[in-house]
Amino acid sequence: MRSLLAPRTDPAQRGRLEEIRDNLLARVAEAEREGWLGEVEGLKVSLAGAEDQLAQIDRQSQKATIILGMPTTRSGDVE
């Protein structure tokens, strides 16, 4: 059975995703200028997907490991 969750986005692809997003933004602007309404809608769907993947990478990178250290005993606690 396949998972319904989207696969994790590789953080190494962030630069490429930023290029794709920037290209889509330029294409949306061009389509709006030219009055290509159907094209605008399709490009906006693709743009939302690229922005979603960038946000996913950001969320993944915020999950940092917290090092708590080794517990120690105080000298007065030892019997």
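Helices are taken here as DSSP runs of at least four residues, numbered from the N terminus. In this predicted model, the protein chain contains two helices and zero strands. Glutamine 60 is placed in helix H2, which covers residues 37-62.

Of the 79 residues in the chain, 16% are classed as buried. The accessible surface amounts to about 7000 Å², and carbon and sulfur atoms contribute 53% of that area. Among contacts with a separation of 6 or more, 59% are between residues 24 or more positions apart.

Helix H1 comprises 21 residues, 14-34, for which a rise of 1.5 Å a residue predicts a span of 30 Å; the C-alpha atoms at its ends are 30 Å apart, in agreement with that expectation. The buried positions of H1 are Leu17, Leu24, Val28 and Ala31. Viewed down the helix axis, the buried residues of H1 lie within an arc of 70° and therefore line one face of the helix. These buried residues pack against H2. Just after H1, glycine 35 adopts a positive phi of about 80°.

Within H2, glutamine 60 has a relative accessibility of 15% and so counts as buried, the cut-off being under 20%. When residues up to four places away in sequence are disregarded, glutamine 60 touches Arg8, Thr9 and Pro11.

Six salt bridges were identified across the whole structure. One of them pairs arginine 16 with glutamate 19, with 3.3 Å between the closest N and O atoms. Both residues of this pair belong to helix H1 and are three residues apart, about one turn of the helix. Arginine 16 is partly exposed, at 47% relative accessibility.

Further salt bridges connect the two helices. The side chains of arginine 27 and glutamate 39 form a salt bridge with an N to O distance of 4.0 Å. This pair links distant parts of the chain, arginine 27 lying in helix H1 and glutamate 39 in helix H2, twelve residues apart. Arginine 27 is partly exposed at 36% relative accessibility, and glutamate 39 is likewise partly exposed, with a relative accessible area of 39%. Lysine 44 forms a salt bridge with glutamate 32, in which the closest N and O atoms are 3.7 Å apart. Here too, distant parts of the chain are linked, with lysine 44 in helix H2 and glutamate 32 in helix H1, twelve residues apart. Lysine 44 has a relative accessibility of 38% and counts as partly exposed; glutamate 32 is partly exposed at 47%. In addition, Arg14, Glu18 and Asp58 are joined into one network by salt bridges that share partners.

Methods: Residues are numbered from 1 along each chain as its sequence is written. Side-chain values use heavy atoms; hydrogens and water are left out. Buried means under 20% relative accessible area, exposed over 50%, partly exposed in between (1.4 Å probe, protein chains only). Contact means heavy atoms within 4.5 Å. Accessible areas come from the Shrake-Rupley method with a 1.4 Å probe; for residues, only the protein chains shown count as cover. The expected span of a helix is 1.5 Å times one less than its number of residues. The arc is that of the directions from the helix axis to the C-beta atoms.
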